[in-house]
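Here is a short briefing for a reader who is new to this structure. Please look through the sequence and the model first, then read on.

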Amino acid sequence: MLELSTWLGREAVAVDNPDGRGPFVLVCDHASNWVPPSLKDLGLPPGELDRHIAWDPGALELARRLSGLLDAPLVHATVSRLVLDVNRDPTHHGSVVMLSEDTAIPGNHAISVEERSRRVQSIYEPYHRALAGVIEQRTAPQVISIHSFTPVYRKEQRPWHIGVLSGDDKRLAQPLLELLRVGGEFHVGDNQPYAPTDGVYHTLDRHCASRGLRSVLLELRSDTIGDEESREQWALRLSRSLRAIH
């Protein structure tokens, strides 16, 4: 059962297709750009919460389509990562950021220990309890995390269409890299544009490593999943590849 936070006024996590019977569990850590009204947009000017600093545009829609194609449960956050990033350990400096890319986040400056603790207790902990519950209901599921990244980062063009991220366990990542590179149509990054050393693998490390579960994190360049047709094509492509590996 999900947990309603009286402070947030909503549950910090949602589970789509909870009874999905496929071999995969999908995760979307940065699905939402919603900020509680009490935080007053974290002091940011209008429009800033639409940017990638607040969420991963297109990721949730893609994950939902994949959930349908793979009959997989999908666990996703309902609160912006600018409030608290569920894909960072609460002790990590990136858990509650004061600067995202080159943008200052005024509402996160000098927050009290009590405020930080409130965010952890009402966002991070329910999110990870829900994900653990979904995983524990299944026998050795394979966990796929869906993210998106910006085409340009600090004036630098990023060439990858998709990044396949993994730690020491390459059981999903290596065959997926090979399948996605067939034909040379796509520029596929191997731990690019991010890698676990950047701290982005926290959710998968927390839930998969100790259980010996196969996992992979997929980063789609946001301009390649910016509309329904492109998301559908990527969802079909990824579902075929994942089924072939399984």
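Asparagine 17 lies in the loop between strand E3 (13-16) and strand E4. In this predicted model, its phi is near 50°, a positive value in a residue other than glycine. Asparagine 17 is partly exposed, at a relative accessible area of 30%.

**Other backbone features**

- Lysine 155 also has a positive phi, near 70°, and is not a glycine.
- Lysine 155 sits in the loop between strand E9 (152-153) and strand E10 (156-157).
- Lysine 155 counts as exposed because its relative accessibility is 85%, and the cut-off for exposed is over 50%.
- Aspartate 71 comes just after helix H1 and takes a positive phi of about 50°.
- Glutamine 192 and proline 193 are joined by a cis peptide bond, with omega about 5°.
- Proline 193 belongs to the loop between strand E12 (188-190) and helix H4 (202-209).

**Strand E8**

- Strand E8 covers residues 142-149, and 8 of its 8 residues are buried, so the strand is largely enclosed by the rest of the structure.
- In a regular strand, side chains alternate between the two faces of the sheet.
- On one side of E8, the buried residues are Gln142, Ile144, Ile146 and Ser148.
- On the other side of E8, they are Val143, Ser145, His147 and Phe149.
- E8 pairs with strand E4 (residues 24-28) in the parallel sense, over 4 bridges.
- Valine 27 has serine 145 in E8 as its bridge partner.
- E8 also runs parallel to strand E13 (residues 215-221), and 7 bridges join the two.
- Histidine 147 has glutamate 219 in E13 as its bridge partner.

**Strand E5**

- Strand E5 (residues 74-77) is covered on both faces.
- Leu74 and His76 are buried on one side of E5, and Val75 and Ala77 are buried on the other.
- E3 and E5 run antiparallel and are joined by 4 bridges.
- Aspartate 16 stands opposite leucine 74 in E5.
- E4 and E5 pair in the parallel sense, over 3 bridges.
- Leucine 26 has leucine 74 in E5 as its bridge partner.

**Helix H1**

- H1 has 12 residues.
- From first C-alpha to last, H1 reaches 16 Å, close to the 16 Å expected at 1.5 Å a residue.
- An α-helix has 3.6 residues a turn, so residues three or four places apart point the same way.
- The buried residues of H1 are Ala59, Leu60, Leu62, Ala63, Leu66, Ser67, Leu69 and Leu70.
- The cover over the buried residues of H1 includes E4, E5, E8, E13 and helix H5.
- Glutamate 61 is found in H1.
- Glutamate 61 counts as partly exposed because its relative accessibility is 38%, and partly exposed lies between 20% and 50%.
- Glutamate 61 and glutamate 228 are 167 residues apart along the chain, yet their C-alpha atoms are separated by 8.3 Å.

**Helix H5**

- H5 (residues 228-245) has 18 residues.
- H5 reaches 26 Å from its first C-alpha to its last, close to the 26 Å expected at 1.5 Å a residue.
- The buried residues of H5 include Ser230, Arg231, Trp234, Ala235 and Arg237.
- Leu238, Ser239, Ser241, Leu242 and Ile245 of H5 are buried too.
- Among the elements that cover the buried residues of H5 are E4, E8 and E13.
- Helix H1 (59-70), strand E11 (162-165) and helix H3 (173-181) also help to cover the buried residues of H5.

**The largest pocket**

- About 760 Å³ of space lies in the largest pocket.
- The pocket is lined by 28 residues, and the closest to its centre are Arg88, Ser100, Glu101, Tyr153 and Tyr194.
- By class, the lining has 11 nonpolar, 8 polar and 9 charged residues.
- Strand E6 (99-100) and E8 each supply at least two residues of the lining.

Methods. Residues numbered from 1 in each chain as written. Predicted model: local features only at pLDDT ≥ 70, side-chain atom pairs only at ≥ 80, totals over all residues. Heavy atoms only, no water. Buried < 20%, exposed > 50% of the residue type's maximum accessible area, 1.4 Å probe, protein only. Pairing = 2+ DSSP bridges. 1 Å grid on protein atoms, 1.4 Å probe; cavity = no way out; pocket = protein on both sides within 12 Å on 5 of 7 lines; lining within 4 Å. Points joined across faces, edges and corners; volume = space filled by probe spheres on them. Nonpolar A, V, L, I, M, F, W, Y, C, P; charged D, E, K, R; others polar. Expected span 1.5 Å × (residues − 1). Contact = heavy atoms within 4.5 Å.
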